[in-house]
Amino acid sequence: MTLSERPEPLLRIVSLTKRFGGFTAVDNVTVDIRPGERFGLIGPNGSGKTTLINCISGAFRTEPGTVLFRDEDITPLQPHVRTRRGIARSFQIPRPFRSMTVAENLMVALDFAAHEHVSVVQRRDTMMSILTQMGLASKANASATQLSQVELRKMELARAMATQPKLLISDEAMAGLSNSEVDEVLDLLMSLAGQDITIIMIEHIMQAVMRFSDRVMCLDAGRIIAIGPPSEVMANPRVQEAYLGT
Ligand code: ADP
Ligand code: MG
């Protein structure tokens, strides 16, 4: 193997298009995400951010388009298989099992992702270490219905982490939070990124995007209108126009 300056991309999205009937939600998107990258995905409401994520996670079939993950064409794979390959996402609207405790919610995700040789004891250890990292250890036995908004967001990220992802996609984990709560979630994402997890963060809060991202991509009407360093993308007139238009 030869050492190259640039590592192979972790995720390659090639000519990806997603249509709903006659409407094109994602329009011919091609982008590489590098291993370890903190990648910000922005764009006005309805610009196709969540749809793109759904195509990466496998919830939607692409037509046409290819998604490569760690050099493997995962386009034909079902969502749960992609999860086991190392792709996790949190949902824009948290979807906890409300009748369960926080710990139980995490165990469901762990049981789903864990290999058979991992014992229940090991799974419990992993669960507690994820909850500790997320600042939720004291809530382990609380019902999901007792969580505050920011705690729910953290549990959503914890559930994604329970699948031990290589790539974590966070879909607006900060929407509706106070400034200090935004900082809390941002610090969490930063600490995960420091642990060799590649992160795609969809966010409307621009200060958070600026602080977080190595690179930012802006979608408008399903197309990439800018991609590059955060400050460059924010200063791009097409980006500013896209946001003013909404
Ligand atoms: P964003 O996350 O950037 O706000 P979305 O990806 O959710 O945008 O949506 C992009 C466009 O695709 C919107 O016009 C939305 O109405 C449409 N869309 C998203 N999901 C569906 C679906 N399941 N069926 C039909 N249209 C959809
Ligand atoms: Mg969305």
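Which backbone oxygen does the side chain of S57 reach? In the predicted model described here, the partner is the backbone oxygen of N54, and the separation is 3.4 Å. S57 belongs to helix α1, and its relative accessible area of 11% falls under the 20% cut-off, so the residue is classed as buried. N54, which supplies the oxygen atom of this contact, is likewise among the buried residues of α1.

Burial extends over most of this helix. Eight of the nine residues of α1 are buried, and the helix is therefore largely enclosed by the rest of the structure. The buried set consists of K49, T51, L52, I53, N54, C55, I56 and S57. The residue that follows α1 is G58, which has a positive phi near 100°.

Helix α1 also takes part in the surroundings of ligand 1. The shell around this ligand is made up of F20, F23, A25, P44, N45, G46, S47, G48, K49, T50, T51 and F60. By residue class, the shell contains five nonpolar residues, six polar residues and one charged residue. Polar contacts to oxygen atoms of ligand 1 are made from several positions. A polar side-chain atom of K49 is placed 2.8 Å from a ligand oxygen. For G48, a backbone N or O atom lies at 3.0 Å from an oxygen atom of ligand 1, and for S47 a polar backbone atom is found 3.2 Å from a ligand oxygen. Of the 560 Å² of accessible area that ligand 1 has on its own, 61% is covered by the protein. Two elements, β2 (23-33) and α1 (49-57), give two or more residues to the shell. The largest share, three residues, is contributed by α1.

A second helix, α6, spans residues 179-193 and comprises 15 residues. The distance from its first C-alpha to its last is 21 Å, close to the 21 Å expected at 1.5 Å a residue. Its buried residues are V182, V185, L186, L188, L189, L192 and A193. These residues lie on the same side of α6, because the arc they cover around the axis is only 155°. An α-helix has 3.6 residues a turn, so residues three or four places apart point the same way.

Backbone geometry was also examined at individual positions. Most residues other than glycine have a negative phi. S15, in strand β1, is not a glycine, yet its phi is positive, near 50°. The relative accessibility of S15 is 32%, so this residue counts as partly exposed. A221 is likewise not a glycine and has a positive phi of about 50°. The position of A221 is in the loop between β9 (215-220) and β10 (223-228). With a relative accessible area of 55%, A221 is exposed, since the cut-off for that class is over 50%.

The segment before β1 (11-20) contains L10. L10 counts as buried because its relative accessibility is 9%. The C-alpha atoms of L10 and I87 are separated by 11 Å, although the two residues are 77 residues apart along the chain.

Terms used: Residues numbered from 1 in each chain as written. Chains lettered and ligands numbered in written order. Predicted model: local features only at pLDDT ≥ 70, side-chain atom pairs only at ≥ 80, totals over all residues. Heavy atoms only, no water. Near = heavy atom within 4 Å. Polar contact = N/O pair within 3.5 Å; in protein donor to acceptor, adjacent residues only side chain to side chain. Areas by Shrake-Rupley, 256 points an atom, 1.4 Å probe, with all protein chains shown as cover. Helix = DSSP H or I, 4+ residues; strand = E, 2+ residues; numbered from the N terminus. Nonpolar A, V, L, I, M, F, W, Y, C, P; charged D, E, K, R; others polar. Expected span 1.5 Å × (residues − 1). Buried < 20%, exposed > 50% of the residue type's maximum accessible area, 1.4 Å probe, protein only. Arc of directions from axis to C-beta.
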